[in-house]
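Reader: I am new to this structure and would love a friendly walk through it. Could we take it one question at a time?

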Amino acid sequence: MIKLTGLSKKYGKTLVVNDASALFPLGEVTSVIGPNGAGKSTLLSMACRLTESDAGEILIGNKLLAEWDSRELARQLAVLRQSNSINMRFTVRELVSFGRFPHSQGRLNDEDQRIINEAIGHLGITEIQHRYIDELSGGQRQMAFIAMVVAQDTDYVFLDEPLNNLDIKHSVEIMQILRQLAHKMNKAVVIVIHDINFASCYSDHIVAMKKGEVVKAGTVQEVVCKEVMESIYEIPFYIQEIEGQRICLYYNS
């Protein structure tokens, strides 16, 4: 489990995250939701040491984040950032192979190749594994980057806006895969996501943020309710249950 306690971050005079606390349990999908500027990506960046916090404590397992060796941390925590750009021309398989670097330091063995094959198969991109990344659609490219994260084979997986610019089909496929990673492979999957209905349908826990603060954290039933949603997004919400899933209907009247 990853435990965040009292995290704060300020850029200049702007307090981006203020005294935020959250839990990211193994075996579960946790979605971080909230409007633009809520501090979601900054919270995730602090939790994986991409951004230094000004205050607070981050525990991974029973050890403070600052105490983790960088190579050891890379074997425990994989991160997919919001913007993924590469300057060199790689095939899908070459990109996915980078996920093994914390384990192999570039010297791939048979076990590394097996894990790479499994990650490529798990994401359903076997047929395009020898194509170049710049030849792929946005959805295929995102699948390749997620396969790289899967190949890193860590207990904790952080993804910042993994559904950006994807159509419904690819969004559903990615969310299904992320849920399988959590439930079948016992990983803690944490995603920053704007689509609250995807968060509602595929998450075990939700952390709702607004203006740098965690407004509510808990199960889908505890967070996806009219009172909480309206307080966060400041528009009218109607919540309907369809086959056990909470679906948000919203508009500005």
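Reader: Which exposed residues does the face of H7 turned away from its buried side carry?

Author: Happy to start there! This is a predicted model, in which local features need pLDDT of at least 70, side-chain atom pairs count only at pLDDT 80 or more, and totals for chains, interfaces and linings use all residues. Residues are numbered from 1 along each chain as its sequence is written, and side-chain values use heavy atoms, with hydrogens and water left out. The exposed residues on that face of H7 are Ile-168, Lys-169 and Lys-184.

Reader: What do "buried" and "exposed" stand for, and which residues of H7 are buried?

Author: Buried means under 20% relative accessible area, exposed over 50%, and partly exposed in between, with a 1.4 Å probe and protein chains only. Helices (H or I, at least four residues) and strands (E, at least two) are DSSP runs numbered from the N terminus. In H7 the buried residues are His-170, Ser-171, Ile-174, Met-175, Ile-177, Leu-178, Leu-181 and Ala-182.

Reader: Within what arc do the buried residues of H7 fall, seen down its axis?

Author: The arc is taken from the directions from the helix axis to the C-beta atoms. The buried residues of H7 line one face of the helix, because seen down the axis they fall within an arc of 160°.

Reader: Which elements do the buried residues of H7 pack against?

Author: Contact here means heavy atoms within 4.5 Å. The partners of the buried residues of H7 are strands E3 (29-33), E7 (156-160) and E8 (188-192), together with helices H5 (110-122), H6 (138-151) and H8 (196-202).

Reader: H5 has 13 residues, so what span is expected for it at 1.5 Å a residue?

Author: The expected span of a helix is 1.5 Å times one less than its number of residues. From its first C-alpha to its last, H5 reaches 18 Å, close to the expected 18 Å.

Reader: Which residue caps the N-terminal end of H5?

Author: A polar contact is a pair of N or O atoms within 3.5 Å; within protein, one must be able to donate a hydrogen and the other to accept it, and residues adjacent in sequence count only if both atoms are side-chain atoms. At H5, a side-chain oxygen lies 3.0 Å from the backbone nitrogen of Glu-111, and the capping residue is Asn-109.

Reader: Is Arg-246 buried or exposed?

Author: Arg-246 sits in strand E12 (residues 245-250). Its side chain has a polar atom 3.2 Å from the backbone oxygen of Gln-221, and one 2.9 Å from the backbone oxygen of Val-224. Because its relative accessibility is 19%, Arg-246 counts as buried.

Reader: Where does Lys-211 lie, and is Lys-211 buried or exposed?

Author: Phi of Lys-211 is near 50°, a positive value in a residue other than glycine. Lys-211 is in the loop between strand E9 (205-210) and strand E10 (213-219). With a relative accessible area of 66%, Lys-211 is exposed.

Reader: And what is the phi of Asp-19?

Author: Asp-19 belongs to strand E2 (residues 14-24). Asp-19 is exposed, with a relative accessible area of 53%. Asp-19 is a residue other than glycine with a positive phi, near 50°.

Reader: Where H5 ends, which residue follows with a positive phi?

Author: The phi of this residue is near 70°. The residue that follows H5 is Gly-124.
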